[in-house]
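Biologist: I would like to go through this structure with you, one topic at a time. May I begin with the contacts of a single residue?

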Amino acid sequence: MTGVAQAVKLACQIASVIVLSRLLLPHDFGIVAMAAPVLAFVALFQDLGLTQATIQKKGITHEEVNCLFWVNIGVSALLAGLLVLVAPAVAGFYAEPQAGVLVAAMGLQILVYGAGAQHYALLSRRMEFGKVAILESFAACAGLAVSIVWALADRTYWALYAGGLATALCTCIGLWAGSRWRPGLPRWVEGGGSLLNFGAGITGFNFANFFARNLDNVLIGRYWGNQELGLYDRAYKLLLFPLQQITNPLSKVMVPALSRLTDEPERYRHAYLRVAPILLLVALPGVAFAIATADLLIPFALGEQWRASAGIFQALGFAGLMQPLNNPSGWLFISQGRSGEFMRWGIFSALTSVAAFAVGLPYGAFGMAAAYAVSEYLRTPLLWLYLGRSGPVRAADMVRVAFPFVVGAHLAVGLLWLARPYLPDSPLVALLACGVLAYASVSAFALLFAPGRAVILDGAQMVRSRIPAFS
């Protein structure tokens, strides 16, 4: 059910990018992209890592959850007020009054998400992923529908805001209905401090990671304008955001599952090394396909007015070849209770990303995308050496299982570039052919190695187990 829900959400995201890109102008997406880093920064402090604290803790009481709920509510209210206060400063920074108005309005989303945080944590803790999947699928569809209807009536950036708010409201209502948990009166409890300490490490990582994810938008918007930022934003959303939509839902399953296996190192190691390479098999051929066909894919999916973003898209694509390998490392940090180390890695990652953005900024959005991709390659070995110093999963384990798919995806990019001149002139046919060739070539390379064969066989067995036999 979780996989079906993720497919629905990913389809909604892709449909949103394609349909809304045809209904709205780059200027509208630029306004939202200007406001998005402010919302993302404020949202870092909304949860305070308390949902993960509820999920990871081996035993938790109603009183502890109630305490965390009211902490989430209080912090969300303060942050919503802060957004209203900083809105004029945002408008002045960008010299764009509309960005300030949008920032103030986003405070309502902060309140709605804060009200459902602990309800989501309880459903995840109970591993009731079917309920979460159904409500998230419905919320994604509702948000897409609201955005499209609004855009048809009023072709402004408010269509994007309305869709986001609709998604937040549907999610919150569904979480309250599905969890069946209701808060009591605000009250501090013994043990709340340890939960806040654990959450502080998660918040520290999120705070540092914010700069790696959003400083690029701020710099491009400030120094190159909303047109360039709109191109960059669409390229990012079409490539890296779908990758996050694959790994984030898996995180909702893997963190609680791995947290229950911390006392059984071999089972823990086996569980992670079974799921992580399947993620690579699913995601990396698609990224390779996107890199090699960007000049066809962007105009075909978004329209000719977005062709200028193809080069940015390709540069970000190389960062995308590393992210399905690196992003799941958070599952290990959190499930093992290593939130302090997680925070320290986030700080290092943020600093190196900031340095990359500084190098790329004089060359516009493409230069920043290329510099970010280079930094992602340089950080990858350091991440796994740091993470593998302790815990059941070692760096050597990841090299063994990831090598066939990571190297295979890079080879697939080259193969597709060589094959492009021999493909049909029809963009649709050429894209379909390249997609098939990407997955076939990565799978063929992976089959040359024992870990790759094991993963492909495991994946095939998982698919067959879900397809009913016909007699």
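Biologist: Leaving aside neighbours within four places in sequence, which residues is Ile312 in contact with?

Modeller: In this predicted model, Ile312 is in contact with Leu231, Tyr232, Ala235, Ala365, Phe366 and Ala369, once neighbours within four places in sequence are left aside. Contact means heavy atoms within 4.5 Å.

Biologist: What conventions apply to the numbering and to the model?

Modeller: Residues are numbered from 1 along each chain as its sequence is written, and side-chain values use heavy atoms, with hydrogens and water left out. As the model is predicted, local features need pLDDT of at least 70 and side-chain atom pairs count only at pLDDT 80 or more, while totals for chains, interfaces and linings use all residues.

Biologist: How many residues are in the largest nonpolar core, and which have the most contacts inside it?

Modeller: The largest nonpolar core has 67 residues, and those with the most contacts inside it are Leu83, Leu102, Ile312, Phe313 and Leu316. Helix 2 (residues 26–47) gives the most to this core, with nine residues. Apart from this core lies another, of 49 residues, among them Ala121, Leu281, Ile291 and Trp331.

Biologist: What is the definition of a nonpolar core here?

Modeller: A nonpolar core is a set of buried Ala, Val, Leu, Ile, Met, Phe, Trp, Tyr and Cys residues joined through side-chain atoms within 4.5 Å. Buried means under 20% relative accessible area, exposed over 50%, and partly exposed in between, with a 1.4 Å probe and protein chains only. Helices are DSSP runs (H or I, at least four residues), as are strands (E, at least two), and they are numbered from the N terminus.

Biologist: Turning to Trp306, where does it lie, and is it buried or exposed?

Modeller: Trp306 lies in the loop between helix 12 (294–302) and helix 13 (310–320). Trp306 counts as buried because its relative accessibility is 0%. Not counting residues up to four places away in sequence, Trp306 touches Ser21, Pro26, Phe29, Gly230, Leu231, Arg234 and Ile298.

Biologist: How far apart in space are Trp306 and Gly230?

Modeller: Their separation is 9.3 Å, C-alpha to C-alpha, with the two positions 76 residues apart in sequence terms.

Biologist: Now the helix packing. At what angle do helix 11 and helix 18 pack?

Modeller: Helix 11 (residues 265–292) and helix 18 pack at an angle of about 10 degrees, with their axes 9 Å apart. Axes are lines fitted to C-alpha atoms, for helices over the stretch in contact, and angles run from 0 to 180 degrees between N-to-C directions. Helix 11 and helix 18 are therefore roughly parallel to each other; angles under 35 degrees count as roughly parallel, over 145 as roughly antiparallel, 65 to 115 as roughly perpendicular and the rest as oblique.

Biologist: By class, which residues make up that contact?

Modeller: The contact of helix 11 with helix 18 has 21 nonpolar, no polar and three charged residues. Ala, Val, Leu, Ile, Met, Phe, Trp, Tyr, Cys and Pro count as nonpolar, Asp, Glu, Lys and Arg as charged, and the others, Gly among them, as polar. The participants include Arg269 and Leu281 in helix 11, and Asp397, Arg400 and Phe405 in helix 18.

Biologist: Which residues other than glycine have a positive phi?

Modeller: Examples include Ala95, with phi near 55 degrees, and Arg180, with phi of about 65 degrees. Ala95 is in the loop between helix 4 (62–94) and helix 5 (97–105), and counts as exposed because its relative accessibility is 66%. Arg180 lies in the loop between helix 8 (158–179) and helix 9 (192–223), and is exposed, with a relative accessible area of 54%.

Biologist: And Ser339, buried or exposed?

Modeller: Ser339 counts as buried, at 8% relative accessibility. Its place is in helix 16 (residues 339–360), and, neighbours within four places in sequence aside, Ser339 is in contact with Phe198, Gly201, Ile202 and Phe333.

Biologist: Finally, what is the mean pLDDT of the protein?

Modeller: The mean pLDDT, the predictor's confidence in each residue from 0 to 100, is 84, and 94% of the residues reach 70 or more. Among the elements, helix 1 (residues 2–23) has the lowest mean, 73, and helix 18 (residues 395–419) the highest, 95.

Biologist: Where does pLDDT stay under 50?

Modeller: That applies over residues 467–471, for which the model has zero contacts beyond four places in sequence. Where pLDDT is low, the predicted coordinates should not be read in detail.
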